[in-house]
Amino acid sequence: MEHFNMALVDWSRAQFALTALYHWLFVPLTLGTSFIIAIMETIYVKTGKEIWKRITRFWMVLFAINFAIGVATGIILEFEFGTNWSNYSWFVGDIFGAPLAIEGIMAFFMESTFFAVMFFGWDKVSQKFHLTSTWLVAIGSNLSALWILVANAWMQNPVGMHFNPQTARNEMVNFWAILFSPTAVNKFLHTISSAYVLSAIFVIGVSAWFLLKKRNLALAKRSMVVAATFGLIMSVFMVITGDESARQVYNVQPMKFASMEGLYYGENNAPLVAIGFFDRTPSPNNPKAKEWAAKIEIPNLLSYMATFNPHAFVPGIHDLVHGNDAHGIISYYDRIKMGKLAIAALKEFQLAKKAQQDAKAKAALKTFEANYKYFGYGYYNDPHKLIPNVPLTFYSFHTMVGLGFWFVLLFLLTLIYATKDKLLQKRWLLYAALWTIPLAWLAQEAGWMVAEFGRQPWVVQDYMPTLSAVSNIDQTSVIITFFLFAVVFTVLLIAELKIMLNQIKQLKDGGQQ
Amino acid sequence: MAKIIKKVFYFYYDGFRSMTVGKRLWIIILIKLFIIFAIFKLFFFPDFLKTHFKTDQERSNYVIEQLTK
C-alpha cells in the first residue's frame, strides 16, 4: 500500500463523488416526471378535457428545464474514468463497453427523436402519435438508466466475466448473467422506483405551494391526485425492492451490510437497529469500545431481513475481519494472504511469458487462478483498512429508510384528503409536502452514499480497490478540476432553480375547463 | 421525399421559433457543452492510456506493471 499516493486517491474519489452526486440531482427527476407527464397526457387523450392538456404542458416545461440543465453532466464521469481511473477503465473495459454503448445509442435514438415530437408536436401530429412519443421519451430515459445501473451493479457484484491475465482485462463471457444478475435487477428496480417517488413528491410539493397561495387550484388538485397515486404505488414497490436489495447486499457484500446496520459483532437472532446514535466505533486500538450512545432495536428483524430466518446468524464486522470457523467465514487476514499470492503469481506469469518459460508460466497461472477471487485484498496489510466508514454508511442508510417511510405516509395522507377534497383546509399537510421536496433529494443522495461509501474500499468488489484503480497523474490537476466542477455544477443548479421557480410563479390559472 | 424533408425541417424550425423558455435553455445547453467538451475534455481530461501509449500491448503491460508492483 505504501507506494500508492493516497492523497491522489482521495482527491480522485472526491471528484468522482462530487460529479456523481451533482449528476444525480438531475437524473431522478427526469426519470419519474417523464412517466407522470405521460400519465397526465393519457388522461387528456382519454377524457378530451383541455385542463389535462394544460396540466401536461406545465409539468412538461419543468421536465424540459431539468432535462436541459442535467443533460451531459454524466459524460464528465466518463472523462474521469479515462483520465483519473485508467487502471480501472482498462481492468473493466470490456464489461463496461457494451452497456455504455447500448445506453448511448438508445439515449440518442429514443430520447432525441421523440423529445422533439413531445415538445414541438402539439397540434402538429395526431394526439395518439404525440402520446406515444411522450411514453417513448419516458421509456427511453428509463432504459438509459438501466444500462448505467447494470454497469454499476457489476462493480458491486462482478459476474459473467473472465479475467485475462495476459492483457489484465476482464472479458465478458455471459452478457445475460451481467444483465440479469440479482444485484443489477434489484439496483435498477429500486433506483427507478425511488426516482418515481422523488418526482411524485416534486409534483405534490409544487402543487401544495399553489394551494397554499390559493392559485391554480384546479391544476394543483388534479396534479396531486395523479402524483400521490403514482407515488403511493411506486413507494410500495420501492420498499419491496429495497428489502430485496438489502438481502442481495447481505449475500454479496456482507461488510457493507454489517456497516449499514452498525453490526460489529455477529449474532444469532440479530436485532435491527431502527434508530441509533454511535458513541465510539470499535477500532484495533480500542476493540471493546461501546458502539452505541443510544439505540432502539427491533428483535430478530435483522436476521429475518437478511435470511428470512429470525434466528439466523448475521456476521458482524469483527467476524469478517477475524473470520468465523463455525459459520464458514474466511478472515480478511487469510484473504489478504491469498490476494498477495494472486498478485505475485500474476507478476511471475508475466515474467515467465516474456522469458518463454512455459512450465513456470503455467504454474504461476495455476496459483493465480486459485487465488484470483481475493486478488484485491492483496494490496493491503492491515485488514482494518478494508472496513468502510461505518457511521457514515449507517446514518446514510437509516436516513434513506426513515425518509422512505415518511414518503409513503405523505402519499397516503395526500390521497385521502384529496379524495375528500379537504386539501385546502389541511395547511399543515401542504407545508409538509412543500418541505418534503428537499428531503426527497436528501434520500436519493443518502441512497447513493450507502451504495458507494458502503462498498469501500472496492471499486470492483474483491478484485480492485480504489487505490490500485487510479491513474498515476498529477494530483494538482485533479484538485483544480474538482473545484472547477464544483463551480460549474453549482451555477447549473442555481440556473435550474431560478428558471424553474420563475416558471412556477408565472403560471396563470386556466380555470376548470 | 423532398416534401417530407421540407415538412420535417419546418417542424423543427417552427418548434424552435415558437420557444420561450426553451431559447434560454438552449443557450445554457450550448454553453455547458462548450465548457464540457472544449475546455474540460481538451485541457483537463486526456485519456491517460491513449495519450501515453501507442498500442494495446503497451497499455496492458503498463497496467499489469501498476497492478503488480
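**Note on the predicted two-chain model**

1. A compact globule of 69 residues would have a radius of gyration near 11 Å, whereas chain B has 22 Å. This is a predicted model, and the value for chain B is computed from its C-alpha atoms. The C-alpha trace of chain B spans about 60 × 35 × 15 Å along its principal axes. Of its 69 residues, 16% count as buried.

2. The secondary structure of chain B consists of 4 helices and 0 strands. Along the sequence the pattern reads α-α-α-α.

3. Chain A has 17 helices and 6 strands. Its radius of gyration is 25 Å, close to the 24 Å that the globule rule gives for 513 residues, so chain A is as compact as a globular protein of that length. The C-alpha atoms of chain A fill a box of roughly 80 × 50 × 40 Å along the principal axes. Of the 513 residues of chain A, 47% count as buried. Among contacts in chain A between residues at least 6 apart in sequence, 76% join residues at least 24 apart.

4. How many residues does each chain give to the contact between chain A and chain B? Chain A contributes 38 residues and chain B contributes 29. On the chain A side, two or more residues come from each of helix H2 (50-70), helix H3 (75-83), helix H4 (86-120), helix H12 (332-354) and helix H17 (475-506). The residues on this side of chain A divide into 23 nonpolar, 12 polar and 3 charged.

5. The domain assignment splits chain A into domain 1 (6-29 + 71-253 + 389-506) and domain 2 (254-387). The centres of domain 1 and domain 2 of chain A, taken over C-alpha atoms, are separated by 29 Å. Their contact takes 24 residues from domain 1 of chain A and 25 residues from domain 2 of chain A. On the domain 1 side, helix H8 (217-252), helix H14 (390-419), strand E6 (464-465) and helix H16 (466-469) of chain A each supply at least two residues. The residues of that side of domain 1 comprise 16 nonpolar, 4 polar and 4 charged.

6. Helices H2(A) and H8(A) form a contact of their own. Their axes come within 10 Å and cross at roughly 75°. Angles of 65 to 115 degrees count as roughly perpendicular, and H2(A) and H8(A) are therefore roughly perpendicular to each other. H2(A) takes part through Ile51(A), Arg54(A), Ile55(A) and Phe58(A), and H8(A) through Ala218(A), Leu219(A), Arg222(A) and Ser223(A). By class, the residues of this contact are 5 nonpolar, 1 polar and 2 charged.

7. A cis peptide bond joins Gln456(A) and Pro457(A), with omega about 10°. Pro457(A) lies in the loop between helix H15 (427-453) and strand E5 (458-460) of chain A.

8. Asn269(A) has a positive phi of about 50° although it is not a glycine. This residue is placed in the loop between helix H9 (254-261) and strand E3 (272-278) of chain A. Is Asn269(A) exposed or partly exposed? With 16 other C-beta atoms within 10 Å, Asn269(A) is partly exposed.

9. Asp421(A), also not a glycine, has a positive phi of about 55°. Asp421(A) is found in the loop between H14 and H15 of chain A. A residue is exposed if 12 or fewer other C-beta atoms lie within 10 Å of its own; Asp421(A) has 9 such neighbours and so counts as exposed.

Note on methods. Residues numbered from 1 in each chain as written. Chains lettered and ligands numbered in written order. Predicted model: local features only at pLDDT ≥ 70, side-chain atom pairs only at ≥ 80, totals over all residues. Domains from an automatic or database assignment. Contact = placed C-beta atoms within 7 Å. Nonpolar A, V, L, I, M, F, W, Y, C, P; charged D, E, K, R; others polar. Rg over C-alpha atoms; globule rule 2.2 N^0.38 Å. Buried ≥ 20, exposed ≤ 12 C-beta atoms within 10 Å, placed from the backbone. Axes fitted to C-alpha atoms, helices over the stretch in contact; angles between N-to-C directions. Parallel < 35°, antiparallel > 145°, perpendicular 65-115°, else oblique.
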